[in-house]
Amino acid sequence: MNSRAIRFFHRGQVVSVEGAAPTRTVLDWLREDARCSGTKEGCNEGDCGACTVVVGELAAPGDAAAVRGLSLRTVNACIQFLPTLDGKALFTVEDLKDIAGGALHPAQQAMVDCHGSQCGFCTPGFVMSLWSAYEHHSACASTPSRQQLADELSGNLCRCTGYRPILDAGQRMFEQPRAEFDTAPVIAALRSLQRAESLVYGAAFHAPRTLDELATLRAAKPQAKILAGSTDMGLWVTKGLRDLGELIHVGEVAELKQIEERDGMLHIGSAASLEDAWRALAARWPALEDVWLRFASPPIRNAGTMGGNVANGSPIGDSPPVLMALAARIVLRQGARVRTMALRDFYVDYMKNRLEPGEFVQGIEVPLPQPGWQMRAYKISKRFDCDISALCGGLALQLADDGTVAGVRLAFGGMAATVRHAERAEAAVLGKPWTQASVDAAKAALGEDFEPLTDMRASAEYRLQVARNLLQRFWLETRRENPLPASALSVWSVMPHQTNLKEPA
Ligand SMILES: Cc1cc2nc3c(=O)[nH]c(=O)nc-3n(C[C@H](O)[C@H](O)[C@H](O)COP(=O)(O)OP(=O)(O)OC[C@H]3O[C@@H](n4cnc5c(N)ncnc54)[C@H](O)[C@@H]3O)c2cc1C
Ligand code: FES
Ligand code: FES
């Protein structure tokens, strides 16, 4: 197949790019090539949100991010590679003036009115996150609560203004005269860009469109790197200054983005976004909402995939402990061969897994909630929002009628070279009454299960102590007699200065 230019919709027209490196970031292209310097560079690693832009695609049926036929999602331009924009629309802060008919957009006007900006460096990023919230809430005739806004802005950092005026602006923008975003011309342009064939860009970037094409290409190019949402790999370029060589992008394979219930399982395609995958998990296990909303930030969850999180296999990744506690299986594909294995068997050592050359992750299968099982997930990090875990626990338990433990799965990240089960702690409670004495035995056994590391996130002693505390919390929430309600354990209810972020019950 011949190489062709990348084509996408930007500032009211279709642009064509040739010759840029496949790992050129959207941010560098915007600022240096397109001379649109409204989008800022802060950290260059997805953390600060100064580079927040919105990517538009034709909405698929049931797309949670759909706005009048267009799927709109914030992403961090600093770690998004340019060829991944092919066939999509890119919106930046420069677009808002046109959308608002030449005036300030309500998101911008509200920031002015509420004094939401001081040095202004973070402001374009905040404004783009606010615009995304504005469109999504307007599309379903809702307005966000203060807590929802705080969650939606959790990927944007401001170091001078403080968040109260910015949250005020997020609420005030809905009181401004409405700025109607006409999606029709964008949809028409995106339709004109639709192509059946795969993208080959230069010698080093391939974006197959079907699963079979991907499987064939991957088998033929086992040395190439699989690229999904680039929320890990982007940093290999911007911070590690690495040459990634040949890339196979999985983000255009529609089959890999599907999430569906089938045969008693929730099937999550490996290229489904983290946002969609966590939404689907939390809809079935509501106790997962906290970990969902505290996994990175909306722009990272929009770009990143659950397949990438699992394949990357970081010992501090948040999906693996939760998925292991849910007894998930991983589906691996190599050419025509498909094999599955329990996720707990997938990791062999630090950042090493059982993927064979030419193989890739096709999806994750999660058994649907079973009667009698209780599930919790706890994330511990230095900062509440948008932070990598010091440790993360996925804990599941089934109690028999007589109150003994009939089934248990206790999986932890941040405690060893890989995410793994606490097998001795599990053995300590299995078949025993679910009492304080059993939990104490499990807590003691955790010291045999794990010898955690001390690093910049936490000391070994802290990690072990916190893992024990999480077991205690799990017992308090799930014991037969007098289980504690979520409100008794929520951080919000014990941090009075934060409670103004929560809507009254
Ligand atoms: C600011 C920031 C905050 C973050 N916060 C969190 C957090 O709170 N919790 C957390 O767990 N992680 C976090 N991460 C890490 C990252 O977002 C996740 O690991 C994410 O899931 C990676 O997915 P991706 O699609 O972006 O993968 P990519 O970066 O595209 O790829 C990651 C790795 O997976 C491989 N890969 C991807 N897809 C496949 C596939 N289908 N088959 C085989 N191999 C594949 C790639 O080759 C690469 O080795 C954060 C990252 C950033 C930048
Ligand atoms: S520059 Fe900080 S998130 Fe992109
Ligand atoms: S206004 Fe200065 S960083 Fe936000």
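A polar contact here is a pair of N or O atoms within 3.5 Å. Keep that in mind for the close-ups below, which come from a predicted model.

**View 1. Ligand 1 and the oxygen contacts around it.**
Let's start with the backbone. A polar backbone atom of Met233 sits 2.8 Å from an oxygen atom of ligand 1. Ala228 also joins in with its backbone: one of its N or O atoms there lies 2.8 Å from an oxygen atom of the ligand. Lys379 uses its side chain instead, with an N or O atom 2.9 Å from an oxygen atom of ligand 1. How much of ligand 1 does the protein bury? On its own the ligand would expose 990 Å², and the protein buries 93% of that.

**View 2. The shell of residues around ligand 1.**
Zoom out a little and you'll find 32 residues surrounding ligand 1. The closest are Ile226, Gly229, Thr231, Asp232 and Thr305. Sorted by class, the shell has 15 nonpolar, eleven polar and six charged residues. Which element gives the largest share? That's helix H13, with four residues.

**View 3. Thr92, tucked into a loop.**
Look between strand E6 (89-91) and helix H2 (93-99), and you'll spot Thr92 in the loop that lies there. Is Thr92 buried or exposed? Its relative accessibility is 0%, so Thr92 counts as buried; the cut-off for buried is under 20%. The side chain of Thr92 makes a polar contact with the side chain of Glu94, at 2.6 Å. Leaving out residues up to four places away in sequence, Thr92 touches His10, Leu30, Thr39, Val53 and Met128.

**View 4. Ala66, a partly exposed residue in a strand.**
Ala66 belongs to strand E4, residues 66-67. With 30% relative accessibility, Ala66 counts as partly exposed, because that label covers values between the 20% and 50% cut-offs. Skipping residues up to four places away in sequence, Ala66 touches Ala59, Ser71 and Ala139. How far apart are the C-alpha atoms of Ala66 and Lys352? They are separated by 37 Å, and the two residues are 286 residues apart along the chain.

**View 5. Confidence along the chain, and the stretch 497-505.**
The chain averages a pLDDT of 95, and 97% of the residues score at least 70. Over residues 497-505, though, the pLDDT is below 50. In the model, this stretch has twelve contacts beyond near neighbours in sequence.

Notes: Residues numbered from 1 in each chain as written. Chains lettered and ligands numbered in written order. Predicted model: local features only at pLDDT ≥ 70, side-chain atom pairs only at ≥ 80, totals over all residues. Heavy atoms only, no water. Near = heavy atom within 4 Å. Polar contact = N/O pair within 3.5 Å; in protein donor to acceptor, adjacent residues only side chain to side chain. Areas by Shrake-Rupley, 256 points an atom, 1.4 Å probe, with all protein chains shown as cover. Helix = DSSP H or I, 4+ residues; strand = E, 2+ residues; numbered from the N terminus. Nonpolar A, V, L, I, M, F, W, Y, C, P; charged D, E, K, R; others polar. pLDDT = per-residue confidence, 0-100. Contact = heavy atoms within 4.5 Å. Buried < 20%, exposed > 50% of the residue type's maximum accessible area, 1.4 Å probe, protein only.
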